[in-house]
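Q: Please take a close look at a single loop in this structure, and then explain, step by step, how it fits into the picture of the whole chain. I am a first-year student, so careful wording would help me more than brevity.

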Amino acid sequence: MLFCAFAVAGAQQKPVVVVELFTSEGCSSCPPADKLLSSIISQQPAGVEVYGLSFHVDYWNYLGWKDPYAQKEFSERQRNYAFRLFSSVYTPQMVVNGRHRFVGSDREAWANALNEEKSANDVLILKASVMHRDRKKITIRTTDLGPSTILNLAIVEEYESQPVIRGENRGRTLGHHNVVKSFSSEKSKDKSIFSVTVPDDLGENARLIVYTQDPKSWKILQASQIML
């Protein structure tokens, strides 16, 4: 099956902001951060294009509750950010455009980061299209990214909710927006075609968030979003 879903820049592009939240259902401090990300995604601040991703880490899985959305690769991604942003690893942690990091429930810190990114306005909308999709894989084509740019493909589920029966959040029903279900990250190496695995449990309200990063600083360079 072929798709032609393009994400292109307009004549007057809005500032683009990619928000990555590192969270866990095993952490009692995370639900307020989950709610903040949900409000960011659903309300979409004026004058800006925001793409939010909820990365569930696995290092809380050994303390009473195994987060069903957690993946060890997401914990490693957070550690890589900690190295580049001179930060410790903790939950909840929010990273904005690869260059701002703060406690994920801190609304004031989010507002400050948003204002800075609006002023900078240097993250571009990435032109990308889905070439092929089947039950196992999604393949996309992008514009030329250069030889060393990092390209990230994240398949996210619009909303997930479930009761937690053990651990710090025992007895609560937690909801999450844009839960990352599958993730691929690689250097472009002058390629223009990339693929990501489709998870078996993907629902009907999924989307593909595509974004590039500088290979050294991990600053976000371009981003787009495609409904699946």
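A: In what follows, a helix is a DSSP run of H or I with at least four residues, a strand is a DSSP run of E with at least two, and both kinds are numbered from the N terminus. With that in hand, and keeping in mind that this is a predicted model, we can turn to Gln 44, which is found in the loop between helix H1 (31–43) and strand E2.

The backbone of Gln 44 deserves attention, for this residue has a positive phi of about 45 degrees although it is not a glycine. Most residues other than glycine have a negative phi. As for its surroundings, Gln 44 has a relative accessible area of 28%, and since values from 20% to 50% count as partly exposed, it belongs to that middle class.

The strand on the far side of this loop has another character, for E2 covers residues 49–56, and seven of its eight residues are buried, so the strand is largely enclosed by the rest of the structure. Strand E2 is also paired with E1 (residues 16–23), with which it runs parallel and shares eight bridges. As one example of this pairing, Leu 21 has Ser 54 in E2 as its bridge partner.

Pro 31, which falls within the range of helix H1, is one of the residues touched by Asn 169. Asn 169 itself sits in the loop between strand E8 (150–163) and strand E9 (173–187), and it also touches, among others, Ser 24, Glu 25, Gly 26, Cys 27 and Ser 28. Because its relative accessibility is 0%, Asn 169 counts as buried, whereas Gln 44 is partly exposed.

A second residue can be set beside Gln 44, namely Asn 121, whose phi is near 50 degrees and is thus positive in a residue other than glycine. Asn 121 is placed in the loop between helix H3 (107–120) and strand E5 (124–125), and with a relative accessibility of 35% it counts as partly exposed. Another backbone detail concerns the peptide bond from Thr 91 to Pro 92, which is cis, with omega near -5 degrees. Pro 92 lies in the loop between helix H2 (72–84) and strand E3 (93–96). Most peptide bonds are trans.

Finally, we can step back to the whole chain, which has three helices and 12 strands. Its radius of gyration is 17 Å, and because a compact globule of 228 residues would have a value near 17 Å, the two agree. The C-alpha trace spans about 45 × 40 × 30 Å along its principal axes, and buried residues make up 52% of the chain. Among contacts between residues at least 6 apart in sequence, 69% join residues at least 24 apart, and the touch between Asn 169 and Pro 31 is a contact of this kind across the chain.

Note on methods:
Residues numbered from 1 in each chain as written. Predicted model: local features only at pLDDT ≥ 70, side-chain atom pairs only at ≥ 80, totals over all residues. Heavy atoms only, no water. Rg over C-alpha atoms; globule rule 2.2 N^0.38 Å. Buried < 20%, exposed > 50% of the residue type's maximum accessible area, 1.4 Å probe, protein only. Contact = heavy atoms within 4.5 Å. Pairing = 2+ DSSP bridges. Lists of a residue's contacts leave out its neighbours within four places in sequence.
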